[in-house]
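Reader: Hey, I've got a new structure open and I don't know where to begin. Can you walk me through it?

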Amino acid sequence: MTGVDYALLPIFIAIVEQGSLTKAADSLHMTKSAISKKLMALEASTGIRLITRSTRHLQLTEAGELYYAYLKKAHRAIDDGNAALSRYSGAVDGTLKISAPTVFGHLHLTALLPEFLKCWPQLNAELVFDDKLVDLVGEGFDMAIRIGELKDSSLVSRTLSPCHSVLCASPIWLEEHGSPQNLDELAGHNCLLYSYYQAGQTWLFTHQGKMVRFTPTGNFRANNSLALHQAALQGLGVCQLPQFIAAPDILAGRLITVLPEYHLPQHHIYAVYPNREFLPKKVSAFLDFLQEKLGKTSGYQRRYELNLSQDKKGDENA
């Protein structure tokens, strides 16, 4: 094997991760023909076919898979080295790639990110919405926002905020069908269902100190909470929603809490990031910013969490 031009290695990584020469070319701001030539040059220098190419498909060879695995480790080590150096310069620059749940990201992160970027004009940000868990390391994310129970992993987490949920319905629905006083009466209501509940399709409540399970039934199911929110506002049925969506409508009377003495599990909003020896300055700066904007004394807490939590406490003490 002749000497390898190390400038070709990031191009090979981009081709593998993007899944096509065209997408790799776009991500690197190069032409497809230039990318193809770089790949051929790398294979010529190694003397080994790394990717099998056809008109429609790219497939890593066995040697290519092995080579990619080692290059990713080396690339991560280089990133860690750069992160370590950035601690000395204090610079917040580069690209911050963030994964976030679709609804929370749309409602809250999109409002916060411009403010953060104005503080650090040398920084670029890429925000990717996805309600499914992404592979942070494998897909090149610097951090992710996650809500609910965290699975055991090598990721590091920081708690940003509690995440309360409420059972609610529109005044129109409750006027027509009555307000349920217990779970037996709730069983007679049309329930709007979220496809990605961590507990499956069972609703869990705590009532009088005991855990209670309820299996809702209804004619509408969605994998997006905003769709359920709109259905509830239009009087389709009873819905379980996080307060970061429902709070403004409850406080304005457009939605009404149902069975407030049956308490839904409390979750949290977390920032998670790879367990690195040196945390990049861009990540630590954004973590501190989110803590300030979503934490205990923030406006977010006053608007979306504390008001309704206090109402719940009043219900409990009544």
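Author: Sure, we'll take the whole chain and then one pair of helices. Keep in mind that this is a predicted model.

Reader: Okay, how many helices and strands does the chain have?

Author: There are 11 helices and 14 strands in the chain.

Reader: And what does the C-alpha trace span along its principal axes?

Author: About 80 × 45 × 35 Å.

Reader: What share of the residues count as buried?

Author: Of the chain's 318 residues, 42% count as buried. The accessible surface is about 17,200 Å², and carbon and sulfur atoms account for 52% of that.

Reader: Switching topic: how do H1 and H3 cross?

Author: H1 covers residues 9–18 and H3 covers residues 32–46. Their axes come within 10 Å and cross at roughly 115°. Angles from 65 to 115 degrees count as roughly perpendicular, so H1 is roughly perpendicular to H3.

Reader: Is that crossing left-handed or right-handed?

Author: The H1 and H3 crossing is left-handed.

Reader: Which residues make the contact?

Author: From H1 you have Leu 9, Ile 11, Phe 12 and Ile 15. H3 brings Ile 35, Lys 38, Leu 39 and Leu 42.

Reader: How do those divide into nonpolar, polar and charged?

Author: The contact of H1 with H3 has 7 nonpolar residues, no polar ones and 1 charged.

Reader: Back to the whole chain. What share of contacts join residues at least 24 apart?

Author: Counting contacts between residues at least 6 apart in sequence, 72% join residues at least 24 apart.

Terms used:
Residues numbered from 1 in each chain as written. Predicted model: local features only at pLDDT ≥ 70, side-chain atom pairs only at ≥ 80, totals over all residues. Heavy atoms only, no water. Axes fitted to C-alpha atoms, helices over the stretch in contact; angles between N-to-C directions. Helix = DSSP H or I, 4+ residues; strand = E, 2+ residues; numbered from the N terminus. Parallel < 35°, antiparallel > 145°, perpendicular 65-115°, else oblique. Left-handed = near helix turned anticlockwise from the far one by under 90°. Contact = heavy atoms within 4.5 Å. Nonpolar A, V, L, I, M, F, W, Y, C, P; charged D, E, K, R; others polar. Buried < 20%, exposed > 50% of the residue type's maximum accessible area, 1.4 Å probe, protein only. Areas by Shrake-Rupley, 256 points an atom, 1.4 Å probe, with all protein chains shown as cover.
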